[in-house]
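Here are my notes after a pass through the model, in no strict order. Have the structure open while you read.

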Amino acid sequence: GDWWQAEYPVKSADDLDAALAVVQARRYAAVEAALASAAAAVGAGDLLAIELPMRPYSELFHNFLGWAEGLMILIEQPEAVQRLLDALERRIQDLVGRLATAPAGLLLSPDNLDGSFIPPAAFEEHLAPSYRRTCSTLHAAGKRLVVHVGGVCRGLLPGLAEAGVDVAEGVCGAPQSDASIAEARALCGPDVTLWGGVAQDLLLPATSREVFERGAQAALAEARANGPAMLGVADRVPVEAVPDRLAALARMASDG
């Protein structure tokens, strides 16, 4: 029902030069015609959202190095890994600058952050500066940044708020993550919009309808009491999710 990348192109420090060549050859294209067409299709009062590439530190470990051997390579070859990060950072910030004028109100950074692998110190060193630069550019253009959290988030929420991130998407309490909407509000202050509250397991056929409704109503009550917040599925909607339960979430929220 889900997948996770198990092999990575960088097997050792010997592969870092080749990875750098790949990154330096990368180009991002903002297709203005497609953006204009999407904007024309958006109804009045709706928001157009654009998905960015992953933040450099997240992309490096999710797609190039892996979280096991990759962290060891970072410890052994910090300068070489930093060159990769710097090259990716230049490209994503150039893209953000071009998209700041695009007809979209939201930009999504699909970084799949997980505090199990990213302690607060690593976040502050490798991720916070990138978020600050992006948020500064977007806020000046009247746009907002959404960041996807895919794991435990308690230790990351204060840093996301301090960096200027507008929406933390994927917030959830135990056992899926480690910060309920109420706990997340206390950690990140009043300005960040919280998105989530509904654990993935509540949508699966193995979970009874009664348990689903009880959990969803509890999450909705927390969202209403700790706004700004949006009721939603934390992390991603699982492949085996019961479609009727997704529709039920929308009804619960709209019924007041």
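**Notes on salt bridges, a buried arginine and a pocket**

1. Let's start in helix 9. Arg214 makes a salt bridge with Glu210, and the closest N and O atoms sit 3.5 Å apart. Both residues belong to helix 9 (residues 209-225), with their positions four residues apart, about one turn of the helix. Glu210 counts as exposed because its relative accessible area is 56%, and the cut-off for exposed is over 50%. Keep in mind throughout that this is a predicted model.

2. That pair belongs to a wider set: how many salt bridges does the structure hold? The count is ten. A few of them are worth a look one by one.

3. Helix 5 has a pair with a similar layout to check. Arg98 and Asp94 join their side chains in a salt bridge at 3.0 Å, N to O. Here too the partners are in one helix, helix 5, four residues apart, or about one turn. Arg98 comes out as partly exposed, since its relative accessibility is 32%. Asp94 is also partly exposed, with a relative accessible area of 45%.

4. Now for a pair that reaches further along the chain. Glu162 and Arg132 meet through their side chains in a salt bridge of 2.7 Å, N to O. This one links distant parts of the chain: Glu162 is in helix 7 (residues 157-162) and Arg132 in helix 6 (residues 120-140), 30 residues apart. Glu162 is partly exposed, because its relative accessibility is 49% and exposed would need over 50%. Arg132 is partly exposed as well, at 28%. The pair doesn't stand alone, either: Glu124, Arg132 and Glu162 are linked in a network of salt bridges.

5. Arg91 is the residue I'd ask you to look at with some care. Is Arg91 buried or exposed, and what is its nearest side chain of opposite charge? Arg91 is buried, yet has no salt bridge; the nearest candidate, Asp94, is 8.3 Å away. A salt bridge needs the nitrogen and oxygen within 4 Å, so Asp94 doesn't qualify as a partner for Arg91. Arg91 is in helix 5 (residues 78-99), and Asp94 of that helix is the residue that pairs with Arg98. Setting aside neighbours within four places in sequence, Arg91 is in contact with Val23, Gln24, Arg26, Arg27 and Tyr28.

6. Next, the second largest pocket, which holds about 260 Å³ of space. Its lining is made up of 16 residues, and Leu106, Leu108, Val146, Val167 and Trp195 lie nearest the centre. Which strands each supply at least two residues of that lining? They are strand 1 (49-51), strand 2 (106-113), strand 3 (144-149), strand 4 (167-171) and strand 5 (193-198). By class, the lining has ten nonpolar residues, two polar ones and four charged ones.

7. One last residue, Glu183, sits in helix 8 (residues 181-188). Glu183 is partly exposed, given its relative accessibility of 36%. Leaving out neighbours within four places in sequence, Glu183 is in contact with Arg154 and Asp178. If you want a distance to check against your own copy, Glu183 and Gly196 are 13 residues apart in sequence and 13 Å apart in space, C-alpha to C-alpha.

Note on methods: Residues are numbered from 1 along each chain as its sequence is written. This is a predicted model: local features need pLDDT of at least 70, side-chain atom pairs count only at pLDDT 80 or more; totals for chains, interfaces and linings use all residues. Side-chain values use heavy atoms; hydrogens and water are left out. On a 1 Å grid over the protein atoms alone, a cavity is a set of points where a 1.4 Å probe fits but cannot get out, and a pocket is an open set with protein on both sides within 12 Å along at least five of seven lines; lining residues have an atom within 4 Å of a point. Grid points are joined across faces, edges and corners, and a volume is the space filled by probe spheres set on the points. Ala, Val, Leu, Ile, Met, Phe, Trp, Tyr, Cys and Pro count as nonpolar, Asp, Glu, Lys and Arg as charged, and the others, Gly among them, as polar. Buried means under 20% relative accessible area, exposed over 50%, partly exposed in between (1.4 Å probe, protein chains only). Lys and Arg count as positive and Asp and Glu as negative; His and the chain ends are not counted. Contact means heavy atoms within 4.5 Å.
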